[in-house]
Amino acid sequence: MEEQELPYVLIATIGGIDGVLEDHVEFLKKHFNLITMKQFHEHKSHLSEKIKAIYMWWNKPVANQELLSSLPNLKVIATGGAGVDHLDLKLISSFGVKVANTPFAVSNATADMGMALMLASARRIVEGCQIAVSPNTEYFAADWMGDEVTGATLGIIGMGRIGYKVAQRAKAFEMKILYHNRSQRKEEEEQAVGAIYCKNIDDLLLQSDFVMLCVNLTPQTEKLIGKKELEMMKPTATLINISRGLVVDQDALVEALQNGVIKAAALDVTYPEPLPRNHPLLTLKNIIITPHVGGSTTKSCRLMMENMVESILATLNGLPIPNEVNPPK
């Protein structure tokens, strides 16, 4: 019996800055014929009709009108991570193409990152490390202080998968947990982590020592935190963003940090990424910025890859698609 040809799947490239991880290639090749964008452009006439799926890693390849139009038999785009703000879902849906993401794969790693940023900011870990390793350091100052996380009030904005996992971790630090969400969690879920629902975001901002953003980026959440919201926060409070850069008005944040409106910020996401090297946020001492690595652990990336493979195979075999992203209504 003739062996069935593996499905053709389009990828950006292998390795490098934004290519498919080399450690994943062997597993992927067991299931797919991988076609890089370079190969696709060189053999477009031969490959256009063969490609059935796009494996989108680090938001590449970009699924724009031109690419979608050149893939008449495309069935599905599988993208890594939870956010889909890099995709034009309406456009993709108009081509009859399905979309799947990997929200469960990154939730633990991203929640860990939120806690790491909160602790690093509160205890001034980055600044402390710089002092400890500096060739100019002759003594450690006795009055060099940080803030305690244990027993502090954490306000979580966005109590989905990641937000709830942050709450589970914060409970172990005996934090008072407030949350704001589109809808209130079930009573038993609230009780399990000791979380109190704030229907009005203002109530959360006024009370919290740490405010952590865990929302998806939507038209409703773009610049959710602006000048008005920052001014509501305590002058001793810290803003932590593990969602998307556009959820915060960065100009307002610069002003708030410069003028002591809030104490500090810790960001895993900015807009754009990376920031221009002359951006004022990069000059401030009361901020920590990491390069959008919330979901970047060896374990979560492997799980993402496996989830994406599962979704592609399910689509091509006419089965229900795990983690299918519904197109906008």
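**Figure 1. R185 and E189 meet in a salt bridge.** This close-up, like the others here, comes from a predicted model. The closest N and O atoms of R185 and E189 are 3.4 Å apart. E189 is partly exposed, and its relative accessibility is 24%. The pair has plenty of company, as a search of the whole structure finds 13 salt bridges.

**Figure 2. A salt bridge joins K60 and D18.** Here the two side chains come together with 2.9 Å from N to O. K60 belongs to the loop between β3 (51–56) and α4 (65–69), while D18 belongs to the loop between β1 (8–11) and α1 (22–31), so this salt bridge ties together parts that lie 42 residues apart in sequence. Both partners can be found with some of their surface showing: K60 is partly exposed at a relative accessible area of 32%, and D18 is partly exposed at 21%.

**Figure 3. D112 and R169 form a salt bridge between two helices.** Look for the closest N and O atoms of this pair, which are 2.7 Å apart. D112 sits in helix α6 (residues 103–122) and R169 in helix α8 (residues 161–172), so the contact links parts that are 57 residues apart in sequence. D112 is partly exposed, with 43% relative accessible area.

**Figure 4. Y55 and W57 make a stacked aromatic pair.** The structure holds 2 aromatic pairs, and this view shows one of them. The ring centres of Y55 and W57 are 6.1 Å apart, and the angle between the ring planes is 5 degrees; planes under 30 degrees apart count as stacked, so this pair is stacked. Y55 is buried, at a relative accessible area of 1%. W57 is buried as well, at 6% relative accessibility.

**Figure 5. Y179 and Y197 form a tilted aromatic pair.** The distance from centre to centre is 5.2 Å, and the planes of the two rings make an angle of 45 degrees. Y179 is part of strand β7 (residues 176–180) and Y197 is part of strand β8 (residues 195–197), so the pair connects parts that are 18 residues apart in sequence. Y179 is buried, and its relative accessible area is 0%.

**Figure 6. Two arginines lie over aromatic rings.** In one panel, R124 lies over the face of W144, and the distance to the ring centre is 4.2 Å. In the other panel, R161 lies over the face of F104, at 4.7 Å from the ring centre.

**Figure 7. T102 is a buried loop residue with many contacts.** You will find T102 in the loop between β5 (98–100) and α6. T102 counts as buried, at 1% relative accessibility. A polar atom of the T102 side chain lies 2.7 Å from the backbone nitrogen of G81. Leaving aside neighbours within four places in sequence, the residues in contact with T102 include T79, G80, G81 and A82, along with M304, N307, M308 and N323.

**Figure 8. Strand β6 is mostly covered and pairs with β7.** In β6 (residues 153–157), 5 of 5 residues are buried. T153, G155 and I157 point one way from the strand, L154 and I156 point the other way, and all are buried. The pairing of β6 with β7 is parallel and runs over 5 bridges. To get your bearings along the two strands, start at G155, which stands opposite L178 in β7.

Methods: Residues are numbered from 1 along each chain as its sequence is written. This is a predicted model: local features need pLDDT of at least 70, side-chain atom pairs count only at pLDDT 80 or more; totals for chains, interfaces and linings use all residues. Side-chain values use heavy atoms; hydrogens and water are left out. A salt bridge is a side-chain nitrogen of Lys or Arg within 4 Å of a carboxyl oxygen of Asp or Glu. Helices (H or I, at least four residues) and strands (E, at least two) are DSSP runs, numbered from the N terminus. Buried means under 20% relative accessible area, exposed over 50%, partly exposed in between (1.4 Å probe, protein chains only). Rings of Phe, Tyr and Trp (its six-membered ring) pair if their centres lie within 6.5 Å; planes under 30 degrees apart count as stacked, over 60 as edge-to-face and the rest as tilted. A charge sits over a ring if NZ of Lys or CZ of Arg is within 6 Å of the ring centre and within 35 degrees of the ring normal. A polar contact is a pair of N or O atoms within 3.5 Å; within protein, one must be able to donate a hydrogen and the other to accept it, and residues adjacent in sequence count only if both atoms are side-chain atoms. Contact means heavy atoms within 4.5 Å. Two strands pair if DSSP finds at least two bridges between them.
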